Amino acid sequence: MFRFILLMLAVGLTLGYKNPHYAPGRTTMVHLFEWKWDDIAVECERWLGPRGFGGVQISPPNENLIIWSRNRPWWERYQPMSYRLITRSGNEQQFANMVRRCNNVGVRIYVDAIINHMTGHAEENVGTGGSTANFGEWHYPAVPYGRNDFNWPHCVIDSSDYVNDAHRVRNCELSGLKDLNQATEHVRRMIVNYMNHLINLGVAGFRIDAAKHMWPSDLRIIYNRLNNLNTAHGFPSGARPYIYQEVIDLGGEAVSRNEYTPIGAVTEFKFGLELSGAFQRNNQLRWLVNWGTPWGLLASNDALTFIDNHDNQRGHGAGGNILTYKQARPYKGAIAFMLAHAYGFPQLMSSFVFDDTEAGPPMDRSGNIISPAINSDNTCGNGWVCEHRWRQIYSMVVFRNVAGNAPMTNWWDNGSNQIAFCRQGRGFIAFNNDSWNLNQNLQTCLPAGTYCDVISGQRNGNNCTGKRITVGNDGRAIISVGSNDYDMMLAIHVGSESRI
């Protein structure tokens, strides 16, 4: 009986780590990559909250090494000097203010947690909070960490290790970054203290960077020592933090993502790779009829899904032929499919413009991040892309919220790259990725009425600024998406009805 109780407790904890604890009716998070805390707070209040976004993944909030020799690259945020909350994004007071303001409008905050390693051996030796380290002695006094807190003997991961040696993948250095030993009590305590401090400030969960490079048994101990979420920020009593772990596993490697699903959710890199291929016509859209686990994807409840993230859009981390903002038309199509489909827990990417894959965010001559400018059409300027402000994307966030748990039904395809399906009684979407027009009488599964397509426009008072679709008493409608239309999809849902 005692063993049974322990087993049930372990199962309960694991399930708890897979709940993002969104405010009711919200389903989707966005990664505001390299945004400042003050800017995120404002964005929650003016845009994300009113438009039904569920949460924001933020860049690592802990002190990192300043790397002027490479002109402040984005990856300096992934070289910790300490767990003090001071970066180019802001200080601890600004961080706490952001979390509270976002929670107040129903938008949760998820922290990118760098707990696998510290810095590499660099020319510079000053952190964003002024801390220094003795790299040659593996000494980080601001934590503090010393030689005994890292994995020995010293080794660096070789490319062949990923196929042949799980031990080296987890105990050797990733790209020369000093590899912490999470099996030691001191390291566990420092990590837990850091994460619990963030939980007490009101965050809802964590992306665990480089989880593949840590032992699941060590991570389980760390997760189980975390506090429940802070009820003062609107979380229910006993709520566990949402944990989604970066495990890049496209198959055939020594470390499997399946080793991590018992302790939390996992970032599903195959998702964006396969959908990018389909929407670039490397595969026909009709084959998406059984999208999900039949494609070799994780179980839906285990998967944090995305088309692109800050790594793979730069060719890192299962990179390759991934769609990004730079291929806007098929990218919007892939995002729309992700948000219309019921599989997984979706995450959107919100980027800054880059050509150099190492380039950091827009900054002034002193290295200070420049805030996004908001244009009159609600898009961004000052070097920021802000995909989450594109109409085709934020409208599909609303679509997913409206669809809720409604089942997927009435799949239709033309045997090629024209597809459509319903979210029963809640929404309908159609795609045309062929070189000829789509013009079909299709079942929308929606009540009779006139609806505004939320892709080509929106409802404006009693009118539609884009396409208007008339649904008959039988739920059917004439659906037209031209091969040369600005967007390859059309979407309607309950709430997008025209009043005329």
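Which residues does UniProt list for "domain: Alpha-amylase C-terminal"? Here are a few notes to help you find your way around.

1. The answer comes from an unreviewed UniProt entry, which lists residues 409-497 for this domain. Keep in mind as you look around that this is a predicted model. Over residues 409-497 the chain is 52% strand and 0% helix, and the C-alpha atoms at the two ends are 21 Å apart.

2. Now turn to the barrel. Eight strands close into it, in the order β1-β2-β3-β4-β5-β6-β7-β8, and their pairing is parallel. On average, neighbouring strands of this sheet are turned by 30° against each other, with direction ignored. As a reminder, strands of a sheet pair through backbone hydrogen bonds, and the pairing can be parallel or antiparallel.

3. For a good pair to trace by eye, try β1 (residues 29-32) and β2 (residues 55-58), which pair in the parallel sense over three bridges. Within this pair, H31 stands opposite Q57 in β2.

4. Next, the helices. Helix α3 (residues 92-104) lies across β2 and β3 (108-113), and runs at about 140° to β3. Helix α6 (residues 185-200) packs on the sheet and touches β3 and β4 (205-208). The direction of α6 makes about 140° with that of β4.

5. Finally, a look at one loop residue: N134 lies in the loop between β3 and α4 (161-164). Why does N134 count as partly exposed? Its relative accessibility is 38%, and partly exposed covers what lies between buried, under 20%, and exposed, over 50%. N134 and H121 are 13 residues apart along the chain, and their C-alpha atoms are separated by 9.3 Å.

Conventions. Residues numbered from 1 in each chain as written. Predicted model: local features only at pLDDT ≥ 70, side-chain atom pairs only at ≥ 80, totals over all residues. Heavy atoms only, no water. UniProt positions renumbered as here; feature names shortened; annotations may be inferred. Helix = DSSP H or I, 4+ residues; strand = E, 2+ residues; numbered from the N terminus. Pairing = 2+ DSSP bridges. Axes fitted to C-alpha atoms, helices over the stretch in contact; angles between N-to-C directions. Contact = heavy atoms within 4.5 Å. Buried < 20%, exposed > 50% of the residue type's maximum accessible area, 1.4 Å probe, protein only.
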